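This report covers the strand layout and the ligand site of one protein. The sequence and structure come next.

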Amino acid sequence: MNKNTSTPYRRLWGRAKGKPLSRYQAALVADKLHGIALDVDAPLAGLRHYDNIRLEIGFGGAEHILHRALEHPNTGFIGVEPFLNGIAKALAGIEKSKLTNIRLFHGDVWKFLENVPNASVDHIDILYPDPWPKPRHYKRRLIKQDLIAEFHRILKPGMELHFASDIPSYIDWALLRILQHGGFNWDAQCAADWQTPYAGWPSTRYEAKALREGRTPHYFSFVRKPVIKDAAATI
Ligand SMILES: C[S@@+](CC[C@H](N)C(=O)[O-])C[C@H]1O[C@@H](n2cnc3c(N)ncnc32)[C@H](O)[C@@H]1O
């Protein structure tokens with residue numbers, strides 16, 4: 001059982017491994033991953049000296065996290081990804097740009113979350129989570145009430161959750177659940193608010209494919225509501 005969440009481990013859907021790693025990638029995983037892999041028992045331990053902490057869940061080819069880590073050298077980044085080839089890409093980018101502000105967790109977000117303290121993270125990105133577009137596969141989607149509750153638990157009040165998707169049924173699904181949770185403000189006023197990429201957005205390989213195939217990116221930002229003093233619940 002997860003210590004904080006009292007929920008059983010989930011089954012991991014999707015790929016854990018793709019095409020064989022190149023020799024260079026395999027050497028990076030063997031030699032470098034342990035140096036920047038975070039300790040799941042104390043996930044924020046090596047990041048306390050950063051101004052703030054930013055988490056990306058399911059970073060895929062690592063385009064976004066690498067870009068943001070270069071852009072914000074005083075922020076500590078955590079990338080969570082079960083797909084080994086994604087981990088290898090992140091390691092290659094970290095080596096190339098000599099980044100020191102990224103820690104990686106190779107595995108399931110639920111395992112990572114076990115020991116993350118309450119109100120300890122300044123930003124969460126979940127960008128193009130696996131869409132599982134067939135109704136019979138909706139239950140495999142990562143964004144569910146329990147994960148949203150975890151986002152709320154670990155985010156500092158006033159800080160942002162970013163969710164991007166190109167799949168209309170996932171967008172409806174996620175918006176409904178995030179707003180139903182009640183702990184997030186969604187300040188969008190008009191369609192331009194979710195049609196406009198996030199500031200400094202570098203795009204990703206997944207997004208480029210979605211655009212080629214005629215799907216429209218949507219970029220949502222939610223703000224973790226402050227805790228109302230003396231109120232029994234966080235609203
Ligand atoms: C569609 S890809 C998008 C990748 C990237 N965010 C992008 O925009 O290019 C979804 C990613 O989520 C990862 N993922 C799937 N299940 C996950 C889980 N349980 N915990 C963390 N990441 C997961 C997948 O391995 C994959 O890399």
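In strand β7, V223 is the residue that pairs by a bridge with E160. The model is a predicted one. The two strands involved are β5, residues 155-165, and β7, residues 218-224; they run antiparallel and are joined by 6 bridges.

Both strands belong to an open sheet of 7 strands with mixed pairing. The order across this sheet is β3-β2-β1-β4-β5-β7-β6. Which strands stand at the edges? They are β3 (102-105) and β6 (184-185). Each of these has a single partner strand, so one side of each lacks a neighbour in the sheet.

The ligand is the second topic. The ligand sits in the largest pocket. There are 16 residues around the ligand, and those that come nearest are G58, E81, D108, L127 and Y128. By class, the shell around the ligand holds 10 nonpolar, 3 polar and 3 charged residues.

Polar atoms of three residues lie at the following distances from a nitrogen atom of the ligand.

| Residue | Polar atom | Distance to a ligand nitrogen atom |
|---|---|---|
| G58 | backbone | 2.8 Å |
| D108 | side chain | 2.7 Å |
| V109 | backbone | 3.0 Å |

Taken alone, the ligand exposes 590 Å², and the protein buries 90% of that area. D108 thus appears twice: among the residues that come nearest the ligand, and with a polar side-chain atom 2.7 Å from a ligand nitrogen atom.

Note on methods. Residues numbered from 1 in each chain as written. Predicted model: local features only at pLDDT ≥ 70, side-chain atom pairs only at ≥ 80, totals over all residues. Heavy atoms only, no water. Near = heavy atom within 4 Å. Polar contact = N/O pair within 3.5 Å; in protein donor to acceptor, adjacent residues only side chain to side chain. Areas by Shrake-Rupley, 256 points an atom, 1.4 Å probe, with all protein chains shown as cover. 1 Å grid on protein atoms, 1.4 Å probe; cavity = no way out; pocket = protein on both sides within 12 Å on 5 of 7 lines; lining within 4 Å. Sits in = over half its atoms within 2 Å of the grid points. Nonpolar A, V, L, I, M, F, W, Y, C, P; charged D, E, K, R; others polar. Pairing = 2+ DSSP bridges. Helix = DSSP H or I, 4+ residues; strand = E, 2+ residues; numbered from the N terminus.
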